[in-house]
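Work through the exercises below with the sequence and the model side by side, and try each task before reading its solution.

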Amino acid sequence: MKHPLIRFTLLFFAALLGFSAVSVATALQNHLHVAEHGIASAAAWMAQRVGSTAVVVNNSNIVAGGMTMNINHECTGVFVLFVLASFIAAYPAALGAKALGIGVGVTLLSLINVVRIATLVRVVEFYPAAFPYFHEYIWQGAFLMLVTLYAISWVEWARE
């Protein structure tokens, strides 16, 4: 393939398809309980640092402000991380740069995901009616933008 954009696009979708195939073949969503519990615990702990009364019950449920937030496989961000990893894997860069980009990106975005959930806990405690809007629109858009900014930043770094 001589055209770099076509090559990148094909590699990106091949990697994403590969992640998807592995996810379906292994029923990945049924094997993320440790991640779900870790995220719930870290988010509740973080929210408690700023005055929350949130507690984790039944491994991955955060109870706050009279509401129970179920931290499930979708809350782990794993599928968004697959998109980021596919992007980095497809981009023409050195293997070491790709490994570092994926490692740093997954770590950074996972930490941001915990912050996302901790802020949603506080939204539930202060403005429960605003939770759906913040959950579905504000944080979804912000997370998408952060993933995009990280990918662009990584490309700039990898090109140097």
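The exercises that follow concern a predicted model, and each is given with a worked solution.

**Exercise 1. The nonpolar core**

Find which residues touch the most other members of the largest nonpolar core, and which helix gives the most to this core.

Solution. Begin with the core itself, which has 36 residues, and among these I62, M69 and I117 touch the most other members. Next, look at where the members come from: helix 1 (4-25), helix 2 (33-49), strand 2 (61-64), helix 3 (78-90), helix 4 (95-126) and helix 5 (131-159) each supply at least two residues. Helix 4 gives the most, with 10 residues. Finally, take I117 and list its contacts, leaving out residues up to four places away in sequence: I117 touches I39, A43, I62, M69, I71 and C75.

**Exercise 2. An arginine in helix 4**

Decide whether R122 is buried or exposed, and find which residues R122 touches.

Solution. First locate R122, which is found in helix 4. Its relative accessible area is 16%, and because the cut-off for buried is under 20%, R122 counts as buried. Then turn to its surroundings, where, not counting residues up to four places away in sequence, R122 touches A47, V50, G51 and S52. For V50 there is a further detail, since a polar atom of the R122 side chain lies 3.2 Å from the backbone oxygen of V50.

**Exercise 3. Two aromatic pairs**

Describe the pair of Y91 and W154 and the pair of Y133 and Y137, and state for each residue whether it is buried, partly exposed or exposed.

Solution. A search of the whole structure finds 11 aromatic pairs. One of them joins Y91 and W154, with 5.6 Å centre to centre and 80° between the planes, and this pair is edge-to-face. Y91 lies in the loop between helix 3 and helix 4, whereas W154 lies in helix 5, so the pair ties together parts that are 63 residues apart in sequence. Y91 counts as buried at 17% relative accessibility, and W154 counts as buried at 3%.

Now take Y133 and Y137, whose ring centres are 5.4 Å apart and whose planes meet at 35°, so this pair is tilted. Both residues lie in helix 5, four residues apart, which is about one turn of the helix. Y133 is partly exposed, with a relative accessible area of 48%, while Y137 counts as exposed at 57% relative accessibility.

As a last step, return to Y91 and W154, which ring pairs link with F8, F12, F13 and F87 into a cluster.

Technical notes
Residues numbered from 1 in each chain as written. Predicted model: local features only at pLDDT ≥ 70, side-chain atom pairs only at ≥ 80, totals over all residues. Heavy atoms only, no water. Core = buried A, V, L, I, M, F, W, Y, C linked by side-chain atoms within 4.5 Å. Buried < 20%, exposed > 50% of the residue type's maximum accessible area, 1.4 Å probe, protein only. Contact = heavy atoms within 4.5 Å. Polar contact = N/O pair within 3.5 Å; in protein donor to acceptor, adjacent residues only side chain to side chain. Phe/Tyr/Trp six-rings, centres within 6.5 Å; stacked < 30°, edge-to-face > 60°.
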